[in-house]
Amino acid sequence: MNYQKLADMLFPEVDKTPADYEAMFPQRNLPEGAKVTRLGPSPTGFIHLGNLFGAFADERLAHQSGGVFFLRIEDTDDKRFVDGAVEIIINSLRFFGIKFDEGATIEGEVGDYGSYTQSRRKAIYQCFAKKLISEGKAYPCFLTEDEISEIRNQQEAAKQTPGIYGKWALSRNLSFEEIEAKISQGQPYVIRLKSDGDMSLPEDQIKRFEIEDAIRGTLSMPVNDQDTVILKTNGTPTYHFAHVVDDHLMRTTHVVRGAEWLPSLPIHVELFEKLGFEPPVYCHTAQLMKIGEDGNKRKLSKRKDPELSLDYYRKLGYHPAAVREYLLTILNSNFEEWRIANPDADIEEFEFTTEKMSNSGALFDLNKLNDVSKDVLLKISVSDLFDFLKSWAAEFRPELFHIFEDRKYLETILDIGRHEAKPRKDHIYAEQIVDNISYFFDDMFRIQEDFPPEAKGDAVEIISRYLEGYCHSDDQETWFNKIRQIAVDMGYAAKPKDYKKHPEEYKGHVGHVSTVIRIAVMGRSQSPDVWEIQQILGEERTIERLKNCL
RNA sequence: GGCCCCAUGGUCAAGCGGUUAAGACAUCGCCCUUUCACGGCGGUAACUCGGGUUCGAUUCCCGAUGGGGUCACCA
């Protein structure tokens with residue numbers, strides 16, 4: 001068989017050689033140790049927490065080393081394409097602080113290693129497929145879907161590994177004339193890798209290879225034996241082929257991807273070898289898991305798990321910095337420790353390493369996210385918090401626009417208790433914050449709890465006495481002493497401890513009395529300090545709400 | 001089923017042959033306290049199971065078990 005002749009017949013339109021591309025995309029001129037990473041989403045427009053998780057690793061690795069982080073759109077499957085998806089991807093990632101140096105952007109492509117959109121790289125893939133054909137390392141395969149499933153049935157019946165390989169690879173040994181004939185008949189075909197692997201060998205003779213994974217250490221696997229499709233019928237590459245060609249030509253040094261790719265690593269290794277390329281450093285990350293209905297861990301699925309979607313967090317109004325901080329705590333095991341030691345340091349100062357990445361699947365922990373978020377929000381200035389809430393509301397809760405009309409008022413509210421030695425940590429995410437502070441706005445204020453049973457019968461009297469002695473300019477101490485006096489006068493203990501010791505001597509304690517006031521003014525029994533809130537609400541509104549309870 | 005990955009409390013995890021087996025979140029109790037939040041103190045709670053190697057294994061090796069992933073002209 002004259003492979004060169006075959007290659008020329010199959011790819012008459014290829015006018016460049018691999019050497020041409022090598023020259024077009026030379027080694028990058030970067031400082032020693034600089035890492036080149038990439039994110040390669042398919043343009044379904046759906047980027048999830050897992051993508052973001054990996055993107056952080058990519059971004060840190062590149063930028064920490066003075067390298068390059070680029071975005072490549074992997075749109076080799078036209079079925080997956082969703083209009084406007086690229087824009088969504090870029091915007092979503094930008095929202096969480098991920099910025100690319102190179103690749104696809106909203107304005108177009110930036111960088112010298114493009115195109116960064118796989119559908120525009122067809123000529124490149126064809127060129128390298130042609131090279132493989134010309135060297136007898138790949139071949140056209142005319143197997144139809146039906147034939148392939150028939151082969152599978154036979155394999156399953158014989159308990160053999162399914163797939164096209166070895167003796168099952170019926171198109172492997174077609175003669176040039178046979179191929180020519182089939183093509184002239186218009187028979188569709190794919191290009192398959194002609195694998196060297198032979199899985200039919202006895203187990204101890206199957207060849208294995210070893211490769212260093214930056215997260216997992218040395219990996220040992222059997223070599224690939226599948227004649228994997230590298231070019232589909234329509235001439236577009238499969239992921240496997242595109243990955244190898246692109247990451248070589250784009251001079252990617254580190255490939256960060258989920259562990260679900262581990263099983264196809266042998267294919268990639270064989271492709272790199274057959275193409276004569278040096279493989280990148282692989283970093284196979286653990287997958288994000290969740291507890292399924294059956295109580296077992298399972299991979300987060302985009303169909304079943306809304307919390308996998310980035311939108312889920314945006315809708316609830318988690319601050320991007322909180323999500324970033326949380327993700328880093330599960331991304332690098334020593335991050336939390338570092339954060340405790342450096343509470344105010346910029347996240348970029350943390351030295352991220354692949355070695356510290358966990359290699360078992362982490363369960364997504366909403367509790368932890370909430371806890372992290374409280375601290376993160378505390379570090380954000382009220383002004384920024386205001387802006388964040390406002391833009392969140394503009395997108396998800398437009399009916400709330402009015403609470404942002406008086407900037408000073410809202411900022412004062414948001415700032416309650418944030419500057420104490422032991423600051424309050426009330427704020428977690430926008431949805432929750434808005435609910436927390438709703439009673440500051442008349443249209444959202446409503447009494448939503450009953451008076452405490454200890455003081456329910458006295459509620460009206462407590463409120464009217466309170467109103468009688470109310471002086472808005474009282475300082476906090478004077479103010480509270482008045483409440484305490486009301487409590488004592490009406491048979492309540494001045495201190496909760498007294499009541500606890502001798503519950504039979506009192507109706508309740510001062511806390512029950514103040515809870516009555518709290519409910520009258522805030523509509524709920526739990527809130528920050530009443531005096532402080534009244535000062536913010538103003539005299540008129542406070543008195544009005546109290547009177548409404550009489 | 002084949003192949004691959006993984007295995008310390010409820011969760012995330014330190015540990016890398018000898019430790020009272022860290023820490024964080026969650027949970028429980030106490031303290032602080034007019035409620036809540038914060039904070040402080042304390043408690044419950046873990047090395048999947050067998051074999052080896054070793055004076056000694058959570059740690060190294062093998063096996064089992066369990067969990068996960070993957071077996072497409074999807075990525």
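Here are three short exercises on a predicted model, each with a worked solution.

Local features need pLDDT of at least 70 and side-chain atom pairs count only at pLDDT 80 or more, while totals for chains, interfaces and linings use all residues. Residues are numbered from 1 along each chain as its sequence is written, and side-chain values use heavy atoms, with hydrogens and water left out.

**Exercise 1.** Work out how the span of helix α5 relates to the expected 1.5 Å a residue.

Solution. Helices are DSSP runs of H or I, at least four residues, numbered from the N terminus. Helix α5 covers residues 122–134, which makes 13 residues. The expected span is 1.5 Å times one less than the number of residues. From first C-alpha to last, α5 reaches 18 Å, close to the 18 Å expected.

**Exercise 2.** Decide whether α5 is largely enclosed or not.

Solution. Take buried as under 20% relative accessible area, exposed as over 50%, and partly exposed as in between (1.4 Å probe, protein chains only). Among the buried residues are Ile124, Tyr125 and Phe128. In total 11 of the 13 residues are buried, so α5 is largely enclosed by the rest of the structure.

**Exercise 3.** Find the salt-bridge partners of Lys274 in Asp196 and Glu270, and place them.

Solution. A salt bridge needs a side-chain nitrogen of Lys or Arg within 4 Å of a carboxyl oxygen of Asp or Glu. With Asp196, the closest N and O atoms are 2.8 Å apart. That pair links distant parts of the chain, 78 residues apart: Lys274 sits in helix α9, Asp196 in the loop between β6 and β7. Lys274 is buried at 6% relative accessibility, whereas Asp196 is exposed at 56%. With Glu270, the closest N and O atoms are also 2.8 Å apart. Here both residues lie in α9, 4 residues apart, about one turn of the helix.

How values were computed: Chains are lettered from A and ligands numbered from 1 in the order in which they are written. Helices (H or I, at least four residues) and strands (E, at least two) are DSSP runs, numbered from the N terminus.
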